[in-house]
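This report goes through one protein chain, starting from a single residue and working outwards to the elements around it. Please keep the sequence and the coordinates to hand while reading.

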Amino acid sequence: MGDAGLPHGSWTFLTSHARVLLALARDPGVRLREVAETCVLTERTVQSIVADLEQEGYLSRVREGRRNHYRISPGAKFRHPAEAGRDNAGLLALFADDPPATRTAP
């Protein structure tokens, strides 16, 4: 898995961590298997990323019945010094809607 099949090379602007966080923000009750498919990652990789995000306070996992629901912490600060002091609420707002390719025309 990974970025194979991407047009024009193998790099992307958003990290896998950002893509997973955005997928969980869009659908807090989504199964990690579905997140893996959406993000073109393995389920094991997504599980590891969710553990990272939870450990750093970007999200929390809440058990509801047989499923997990994820609560995003929009005030969590970015980790890299270049974005120091900024929280992830702006990123979440920017990508809150479904990607343009999945939207239906009016």
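## A buried asparagine in a loop

In this predicted model, Asn88 has a relative accessible area of 0% and is therefore buried, the cut-off for that class being under 20%. The residue does not belong to a helix or a strand but sits in the loop between strand 2 and helix 4. Neighbours up to four places away in sequence being set aside, Asn88 touches Leu21, Tyr58, Ser73, Pro74, Gly75, Ala76 and Phe78.

Two residues in that list lead on to other parts of the chain. Pro74, one of the contacts of Asn88, lies 9.4 Å from Ala93, C-alpha to C-alpha, with their positions 19 residues apart in sequence. Ala93 itself is placed in helix 4, which spans residues 89-94, and with a relative accessibility of 56% Ala93 counts as exposed.

## Leu21 and helix 1

Leu21, also among the contacts of Asn88, lies in helix 1 and is buried, its relative accessible area being 4%. When neighbours within four places in sequence are left aside, Leu21 is in contact with Leu53, Tyr58, Leu59, Ile72, Asn88 and Leu92. For the pair Leu21 and Tyr58, a separation of 37 residues in sequence goes with a C-alpha to C-alpha distance of 8.1 Å.

What else is buried in helix 1? The buried residues there are Ala18, Arg19, Val20, Leu21, Leu22, Ala23 and Leu24, a run that includes the charged residue Arg19. These buried residues pack against helix 2, helix 3, strand 1 (59-64), strand 2 and helix 4.

## How helix 1 meets helix 3

Two packed helices are described by the angle between their axes and the distance between the axes. For helix 1 and helix 3, the axes come within 10 Å and cross at roughly 85°, and since angles of 65 to 115 degrees fall in that class, the two helices are roughly perpendicular to each other. On the side of helix 1 the contact involves Ser16, His17, Val20, Leu21 and Leu24, which meet Val46, Ile49, Val50, Asp52 and Leu53 in helix 3. By residue class, this contact of helix 1 with helix 3 divides into 7 nonpolar, 2 polar and 1 charged.

## Helix 2 and its two faces

Helix 2 covers residues 32-39, and Leu32, Val35, Ala36 and Cys39 are its buried residues. Viewed down the axis of helix 2, the buried residues fall within an arc of 100°, which is why they can be said to line one face of the helix. The face turned away from this buried side carries Glu37 and Thr38, both exposed. The partners against which the buried residues of helix 2 pack are helix 1 (16-26), helix 3 (43-55) and strand 2 (67-72).

With helix 3, helix 2 packs at an angle of about 105°, the axes being 8 Å apart, and this makes helix 2 roughly perpendicular to helix 3. Leu32, Arg33, Val35 and Ala36 of helix 2 make the contact together with Glu43, Val46, Gln47 and Val50 of helix 3. The residues of this contact divide into 5 nonpolar, 1 polar and 2 charged. Val46 and Val50 of helix 3 also appear in the contact with helix 1.

## The turn after helix 2

Which backbone angle is positive at Val40? Although Val40 is not a glycine, its phi is positive, at about 55°. Val40 comes just after helix 2, in the loop between helix 2 and helix 3, and with a relative accessible area of 39% this residue is partly exposed.

## The chain as a whole

The protein chain contains 4 helices and 2 strands, and from the N terminus on these elements run in the order α-α-α-β-β-α. Of its 106 residues, 25% are buried. The accessible surface comes to about 7400 Å², and carbon and sulfur atoms account for 53% of that surface.

Among contacts with a separation of 6 or more, 38% join residues that are 24 or more positions apart. The contact between Leu21 and Tyr58, which are 37 residues apart in sequence, is one example of such a pair.

Definitions and conventions:
Residues are numbered from 1 along each chain as its sequence is written. This is a predicted model: local features need pLDDT of at least 70, side-chain atom pairs count only at pLDDT 80 or more; totals for chains, interfaces and linings use all residues. Side-chain values use heavy atoms; hydrogens and water are left out. Buried means under 20% relative accessible area, exposed over 50%, partly exposed in between (1.4 Å probe, protein chains only). The arc is that of the directions from the helix axis to the C-beta atoms. Contact means heavy atoms within 4.5 Å. Accessible areas come from the Shrake-Rupley method with a 1.4 Å probe; for residues, only the protein chains shown count as cover. Axes are lines fitted to C-alpha atoms, for helices over the stretch in contact, and angles run from 0 to 180 degrees between N-to-C directions. Angles under 35 degrees count as roughly parallel, over 145 as roughly antiparallel, 65 to 115 as roughly perpendicular and the rest as oblique.
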